[in-house]
Amino acid sequence: MTTVEDRPASPPAEAPRRRPNPLLALLRNSWRQLTSMRTALILLFLLAVAAIPGSVLPQRGVNPENVDRYFVEHPELAPQLDRIGAFEVFGSVWFSAIYLLLFTSLVGCILPRMREHVRALRARPPAAPKRMDRLPQHTVLESPGAADPQAIAAVLRRRRWRVQVRGNEVSAEKGYLKETGNLLFHTSLVAVLIGVALGSWYGWHGNRLLVADEAFCNTRQQYAEAKLGPRVDSADLPPFCLTLDNFDARFLASGQPESYRATVTVDRPDGSDRRTADFSVNSPLRLGSANVYLLGHGYAPILKYTDRYGRSQTSTVPFLTSGDANLTSEGVAAFPDANVDPKTGRRDADQQVAFEGLYLPTAPDTAPFVSSRFPEERNPAVVLAAYRGNLGLDAGIPGSVYQLDQRQVTSGKLKQVGDRKLAPGETWTLDDGSKLEFLGTKRYVTLSVRHDPGEKLMLGACVVLLVGLMGSLFGRRRRVWFRVTPPDSGSPTGGSSLVSAGGLPRTEHPGFAEEFASLVAAVRDDGRPDRRAREGVE
């Protein structure tokens, strides 16, 4: 009869397994996918694709006039694009989301790899495998007498290998520059993103065309195009004013530019701290937290128009270069307040006058007068067409001050009433008795005034990025081992030690076989007795 005491003890009950939290598992898996290198490359590609609308469509922060014109020309499409932020691409939610995801992905990729790389740098080279004959590179050589592992280690150290001696074994490795370069490259990419973010948030820039003897102050209203970062207010712009005193341009005999230099007077809005400064294309003017860059130059004809009532108006009009190396320029001189009746003070909108045409620094001697022969003023002339009618300035439709509204021309509201070529000092009398006189020209420059707090960070990051890229491309990780087998008294080799050598490239390394053979030869030669001693030479 079996008693209770005689019954076998039942196995202890297993503790219930904890069910993983599905939310934590989802977050962990999402983080693992986000911080993978594949995701980082995909986000980098998406960032490049997302920037395309910002370069194709006009942006409010850069040129709000072009955005308004786009709404006029595309009344149905423009509101749809505006809803998705197409006119403010680089400040939109979706572009910022891609940017932040890329930043997070890169940081998540770099930190674990950096930790592993530091651990590998501090670790000793691993021990030799038992079967070195299975390695891609393997050889056995004889060494007279008892081979010294320390001597082998000294040969490897002279060749800049990291060496570890374990008894009769020597382990060495080399090529950590590859992973170091990879980490430098990706860390620099993160620094570039930080620099771009700093420049976008706290930077600002403005473009201005400045005619000689004219001045402008650093206020947003005086820029033709201006963009302030989200963290920048108009009051944050540094106070200074610039006056263009002189512009010197020198050209080769072929017409190619040799040098440009602008001379300006810099002072504060209250007239204090006045000084003169020079700058050129590759040497910007640095004004504390703002840099002034010279982008281009051209000519501004001075035109004096006398209407039929004898009232004169003088206008200095910058003519913009059309891309011609000889500075053939196009422009418009408008006189909307001409032909005002002095008795009634009424202005007839249909009697407005404008002149559109070309400026040629060196005009040809004979027609056609369509392009300049040289960028320097050797035979200056303007070729103008006169228009009279309604210029369309009161229509409320944004337009350019450098060209006529062609809609007014095609509708017949603005009609051409003549054309003429004028040299400096010549006068043109129109059909209604009004006159136009070409007085000469002034030089002008186009300037870009910028402040980018992230430019130094980006410059340093780009330099380190290139260094890291070179290390990543040319670095090769590899390991070698040497095992010394002491001589056996009964060995037919006569007491020679056997040295087994093996090599393993950790990455693709086409030249590793030659390097391994050279290393083995250096170890073998180092173990030979001195030749002069063997030959008895003093």
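**Exercise 1. Determine which side chains Asn291 contacts and whether Asn291 is buried or exposed.**

Step 1. The side chains of Asn291 and Glu455 are joined by a polar contact of 3.5 Å. A polar contact is a pair of N or O atoms within 3.5 Å; within protein, one must be able to donate a hydrogen and the other to accept it, and residues adjacent in sequence count only if both atoms are side-chain atoms.

Step 2. A polar contact of 3.5 Å also joins the side chain of Asn291 to that of Arg286.

Step 3. Asn291 sits in strand β11 (residues 290–306). Helices (H or I, at least four residues) and strands (E, at least two) are DSSP runs, numbered from the N terminus.

Step 4. Asn291 is buried, because its relative accessibility is 9%. Buried means under 20% relative accessible area, exposed over 50%, and partly exposed in between (1.4 Å probe, protein chains only).

The model is predicted: local features need pLDDT of at least 70, side-chain atom pairs count only at pLDDT 80 or more, and totals for chains, interfaces and linings use all residues. Residues are numbered from 1 along each chain as its sequence is written, and side-chain values use heavy atoms, with hydrogens and water left out.

**Exercise 2. Locate Asp148 and Thr362 and find the backbone nitrogen that each side chain reaches.**

Step 1. Asp148 belongs to the loop between β1 (137–143) and α7 (149–158), and at 42% relative accessibility it is partly exposed.

Step 2. A polar atom of the Asp148 side chain lies 3.1 Å from the backbone nitrogen of Gln150.

Step 3. The C-alpha atoms of Asp148 and Ser497 are 9.6 Å apart, with their positions 349 residues apart along the chain.

Step 4. Thr362 is in the loop between β15 (352–360) and β16 (381–389); it counts as buried at 10% relative accessibility.

Step 5. The Thr362 side chain reaches the backbone nitrogen of Arg378 at 3.4 Å.

**Exercise 3. Describe the salt bridges of Glu169 and Asp431, with the accessibility of each partner.**

Step 1. A salt bridge is a side-chain nitrogen of Lys or Arg within 4 Å of a carboxyl oxygen of Asp or Glu. This rule gives 15 salt bridges.

Step 2. Glu169 pairs with Arg483, and their closest N and O atoms are 3.0 Å apart. The pair links distant parts of the chain, with Glu169 in strand β3 (residues 169–174) and Arg483 in strand β20 (residues 478–485), 314 residues apart.

Step 3. Glu169 is buried at 15% relative accessibility, and Arg483 is buried at 17%.

Step 4. Asp431 forms a salt bridge with Arg388, with 2.8 Å between the closest N and O atoms. Asp431 lies in the loop between β18 (427–429) and β19 (435–451) and Arg388 in strand β16, so the pair ties together parts 43 residues apart in sequence.

Step 5. Asp431 is exposed at 57% relative accessibility, whereas Arg388 is buried at 14%.

**Exercise 4. Show how the buried residues of α11 are arranged around its axis.**

Step 1. Helix α11 (residues 512–526) has 15 residues and reaches 21 Å from its first C-alpha to its last, close to the 21 Å expected at 1.5 Å a residue. The expected span is 1.5 Å times one less than the number of residues.

Step 2. The buried residues of α11 include Phe512, Phe516, Leu519 and Val523.

Step 3. Down the axis of α11, its buried residues fall within an arc of 155°, so they line one face of the helix. The arc is that of the directions from the helix axis to the C-beta atoms.
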